[in-house]
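Reader: I am new to this structure and should like to be guided through its interior. May I put some questions to you once it is shown?

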Amino acid sequence: MKFIEITIEEFKAKQANKDLFLVDVREEYEFEDHNKGGINIPMGEILSRTEELKGHDEIYLCCASGKRSKTTAYHLCDRLDKVTIYSIQGGIKELIAN
């Protein structure tokens, strides 16, 4: 399965209707400074921690700007083939601004 890039507006609409599994792929210190919930698994660790992601039908990835989440989503698709993976465009910066 391929990953899907979604806008902040699309993410917020989905979030309003159900509890989403959000994974922040920024470094721990970035997550501690500011986050929008979810769990923190840094980009450099996520491929070795895919067991923690199993059992979810959908995974929403965010980072600071959307670049790391997009790259991570691309690589996770090969390992989690039955999971829909979303990368949030604009990342935390856009979530904070909106």
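Reader: Which residues does arginine 26 touch, not counting residues up to four places away in sequence?

Author: In this predicted model, arginine 26 belongs to the loop between strand S2 (22-24) and helix H2 (28-33). Leaving out residues up to four places away in sequence, arginine 26 touches Phe31, His34, Asn35, Asn40, Pro42, Cys62, Cys63, Ala64, Arg68 and Ile92.

Reader: Is arginine 26 buried or exposed?

Author: A residue is called buried when its relative accessible area is under 20%. Arginine 26 has a relative accessible area of 5%, so this residue is buried.

Reader: Which backbone oxygen does the side chain of arginine 26 reach?

Author: One polar contact of this side chain is with another side chain, that of aspartate 24, at 2.8 Å. At 2.5 Å, the side chain of arginine 26 also reaches the backbone oxygen of histidine 34.

Reader: How many aromatic pairs are there, and why is the pair of tyrosine 60 and tyrosine 86 stacked?

Author: Ring centres must lie within 6.5 Å to pair, and planes under 30 degrees apart count as stacked. The count comes to two aromatic pairs. For tyrosine 60 and tyrosine 86, the ring centres are 4.5 Å apart and the planes are at 5 degrees, so the pair is stacked.

Reader: How many residues apart in sequence are the parts that this pair ties together?

Author: Tyrosine 60 and tyrosine 86 are both buried, and ring pairs link Phe11, Tyr60 and Tyr86 into a cluster. Because tyrosine 60 lies in strand S4 and tyrosine 86 in strand S5, the pair ties together parts whose separation in sequence is 26 residues.

Reader: Which element gives the largest share of the largest nonpolar core?

Author: The largest nonpolar core has 15 residues, of which Val23, Ile46, Leu53, Ile59, Leu61 and Ile85 touch the most other members. Two or more residues of this core come from each of S4 and H4. The largest share is three residues, and the element that gives it is H4.

Reader: Which residues of helix H4 are buried, and what do they pack against?

Author: Helix H4 covers residues 67-79, and its buried residues are Ser69, Thr72, Ala73, Leu76 and Cys77. These buried residues pack against helix H3 (43-46), strand S4 (58-62) and strand S5 (84-88).

Reader: With which residues is valine 23 in contact, leaving aside its neighbours within four places in sequence?

Author: Valine 23 is one of the core residues that touch the most other members. With neighbours within four places in sequence set aside, its contacts are Ile39, Ile41, Ile46, Leu53, Ile59, Tyr60, Leu61 and Cys62.

Methods. Residues are numbered from 1 along each chain as its sequence is written. This is a predicted model: local features need pLDDT of at least 70, side-chain atom pairs count only at pLDDT 80 or more; totals for chains, interfaces and linings use all residues. Side-chain values use heavy atoms; hydrogens and water are left out. Buried means under 20% relative accessible area, exposed over 50%, partly exposed in between (1.4 Å probe, protein chains only). Helices (H or I, at least four residues) and strands (E, at least two) are DSSP runs, numbered from the N terminus. Contact means heavy atoms within 4.5 Å. Rings of Phe, Tyr and Trp (its six-membered ring) pair if their centres lie within 6.5 Å; planes under 30 degrees apart count as stacked, over 60 as edge-to-face and the rest as tilted. A nonpolar core is a set of buried Ala, Val, Leu, Ile, Met, Phe, Trp, Tyr and Cys residues joined through side-chain atoms within 4.5 Å. A polar contact is a pair of N or O atoms within 3.5 Å; within protein, one must be able to donate a hydrogen and the other to accept it, and residues adjacent in sequence count only if both atoms are side-chain atoms.
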